[in-house]
Amino acid sequence: MVSKTEETQLNRLENQVDNGGGGAWEYLCLVRKLKVRRSEKVLKHGLSILNDIKKRSSLGPDEWTLYEQVAIAAMDCQCLDVAKDCIRLLRKSFPESKRVGRLEAMLLEAKGAWAEAEKAYSSFLEENPLDQVIHKRRVAMAKAQGNISGAIEWLNKYLEIFMADHDAWRELAEIYVSLQMYKQAAFCYEELILSQPTVPLHHLAYADVLYTLGGLENLQTAKKYYASVIDLTGGKNIRALFGINLCTSAIGQLAKGRNKEDKESSELQSLAATALEKDYKQRAPDKLSLLTTALKSLKVSS
Amino acid sequence: MAADLVLDTAIRDWVLIPLSVVMVLIGVLRYFVSKLMRSNQVPDAKIIKEGQLIIRARNLRAAANFIPPKSFRARRFYFSNEENGLLIVPKGQVQNAQAQMFSDPNMAMDMMKKNLSMIIPQTLTFAWVNFFFSGFVAAKIPFPLTQRFRSMLQNGIDLSTVDVSYVSSRSWYFLNLFGLRGLFSLILGEENAMDDTQRMMQMSGFGFDPSKSLGAEKDSLDIVQHDWALPKFEHRAEAVLKKLAI
């Protein structure tokens, strides 16, 4: 997770570098440390350092790290020639390295030579079956080929060992959502909530999945999670506010005829509605009419 | 109390400073030697899996109140049911860590390397200090201390009348041996410095048994009382929104 101060620092540095203020190497180090994906910038500024012999040699042994970083960024930007050059140079200075071998396999993957890349990856895994990066590459490759069920299979295999890796759980959850396998997605989101109970995004996604699943119980749970998102974000999350409204009206529809829900829930809805109206008035006054009709239709149905 | 002992400045020049310098140099040298001898070991899949399992179970325990009761019960069952729960270690499989160590020559080899890089220089320097500098007072610390520090500061001098704030050369050696960590982390970088106290702790903690921690995790998971926190959140959300509406 990138904290807020780190992000502002990163943006400040990026701005400075973009406007020719120097500090490119510091920026690249920060990108590497925070593991953020800003491939285009990395490619641009990294290459500017690498092409300048004086700057490059002043890095000392860090030069090779930069080559690796630039190679990966280049693959991300589909500048395969640049990546190829970087990897060739790396290979020349580290003929035996597995790390360079991994880059070569990634280059194959970027070219779309799936079978060869797969072969390379599996040979790496045979040597070291616990290489997390390669496991993840395999999942990404299956996804890139459109082989979603294969990706799920690889991910499940990966999670069997590295079950505390929440990023992998998140990926799996998103894949399940895209396949409309909501029950499985709900499980993954529960896992995410467990590992990071204070991140509102997980609560929100879980609530969305539960709402989509439907059924009285799920709807009530979904509403609770929307409420928790509101609490965690201080009422700033529009999606959660809408979610509360939708859930309340859906619950009202389902529970019609049965004993009414306690009054507090409808109070929450009206509060959410007013919060929404207030926010729309402030930020998008021209769309306010759309909102009021939408809210009205929800209230009519309840 | 006798008058202050006067320490010859030659002692400072020929004992105190050389001793400290040698200790630092040996520490640096040892770091590089151990770096040379370190073999990159492939971690065992089972151990990693158990570590991850413990993290996940701990997360479940810590954040249990954030998921619905049904989901929590399903997970708890998955972790700790008697038949094939993940946290249950079958009785027969509990392997003695010691036996495992001897069955795997790599492990023993690794440990021996670590020990060699630690014990050999230590014995040598200790012998060296003992031979050249034994039995004299090397320094005086500028504040008084109680008698209890005598064994720490005046190792090698058996005089009960000397004031405790005088430090014998052998004690100075020990102080250096254990107290140079901060300096090493300056010279060698944060993570690289590993002082002897830490090494010793590692040694004593070697017979660590993962199955035990799995069992402990299972027990604490079993006694977790699930109390779903989410219903409270509705009221809290209301309060938040009310505040916003004002």
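What span should the 13 residues of α9(A) have at 1.5 Å a residue, and how far apart are its end C-alpha atoms? The expected span is 18 Å and the end C-alpha atoms are 18 Å apart, which agrees. The model is predicted, so local features need pLDDT of at least 70, side-chain atom pairs count only at pLDDT 80 or more, and totals for chains, interfaces and linings use all residues. Residues are numbered from 1 along each chain as its sequence is written, chains are lettered from A and ligands numbered from 1 in the order in which they are written, and side-chain values use heavy atoms, with hydrogens and water left out.

**Figure 1. Helix α9(A) and its buried residues.** Helices are DSSP runs (H or I, at least four residues), numbered from the N terminus. The expected span of a helix is 1.5 Å times one less than its number of residues. For α9(A), with 13 residues, expected span and end-to-end C-alpha distance agree at 18 Å. Six named residues of α9(A) are buried: A:Ile134, A:His135, A:Arg138, A:Val139, A:Met141 and A:Ala142. They cover an arc of only 160° around the axis, which puts them on the same side of α9(A). The arc is taken over the directions from the helix axis to the C-beta atoms. Buried means under 20% relative accessible area, exposed over 50%, and partly exposed in between (1.4 Å probe, protein chains only).

**Figure 2. The salt bridge of A:Lys136 and A:Asp165.** The two side chains meet at 3.1 Å, N to O. A:Lys136 belongs to helix α9 (residues 132-144) of chain A and A:Asp165 to the loop between α10 (148-161) and α11 (166-178) of chain A, so the pair ties together parts that are 29 residues apart in sequence. A:Lys136 is partly exposed, at 38% relative accessible area. A:Asp165 is buried, at 12%. A salt bridge is a side-chain nitrogen of Lys or Arg within 4 Å of a carboxyl oxygen of Asp or Glu. Side chains of opposite charge can pair when their charged atoms come close.

**Figure 3. The salt bridge of A:Asp76 and A:Arg37.** Over all chains, the count comes to 26 salt bridges. In this one, the N to O distance is 2.7 Å. A:Asp76 lies in helix α5 (residues 62-76) of chain A, and A:Arg37 in the loop between α2 (24-34) and α3 (39-50) of chain A, so the pair ties together parts that are 39 residues apart in sequence. A:Asp76 is partly exposed at 32% relative accessibility. A:Arg37 is exposed, with a relative accessible area of 69%.

**Figure 4. The salt bridge of A:Glu127 and A:Lys98.** The side chains meet at 3.3 Å, N to O. A:Glu127 sits in helix α8 (residues 114-127) of chain A and A:Lys98 in helix α7 (residues 98-111) of chain A, so this pair ties together parts that are 29 residues apart in sequence. A:Glu127 counts as partly exposed at 47% relative accessibility. A:Lys98 counts as exposed at 54%.

**Figure 5. The second largest cavity and its lining.** Two cavities of 30 Å³ or more are found in a search of the whole structure. The second largest has a volume of about 50 Å³. A cavity is a set of points on a 1 Å grid over the protein atoms alone where a 1.4 Å probe fits but cannot get out; lining residues have an atom within 4 Å of a point. Grid points are joined across faces, edges and corners, and the volume is the space filled by probe spheres set on the points. The lining consists of A:Met163, A:Ala164, A:Trp169, A:Glu191, A:Leu194, A:Ser195, B:Arg56 and B:Asn59. Helix α12 (182-195) of chain A and α2 (45-62) of chain B each supply at least two of these residues. The largest share, three residues, comes from α12(A).

**Figure 6. Two loop residues of chain A with positive phi.** Phi of A:Lys35 is near 55°, a positive value in a residue other than glycine. A:Lys35 is found in the loop between α2 and α3 of chain A, and is exposed at 75% relative accessibility. Phi of A:Gln180 is near 60°, again in a residue other than glycine. A:Gln180 is placed in the loop between α11 and α12 of chain A. At 57% relative accessibility, A:Gln180 counts as exposed.

Technical notes:
On a 1 Å grid over the protein atoms alone, a cavity is a set of points where a 1.4 Å probe fits but cannot get out, and a pocket is an open set with protein on both sides within 12 Å along at least five of seven lines; lining residues have an atom within 4 Å of a point. Helices (H or I, at least four residues) and strands (E, at least two) are DSSP runs, numbered from the N terminus.
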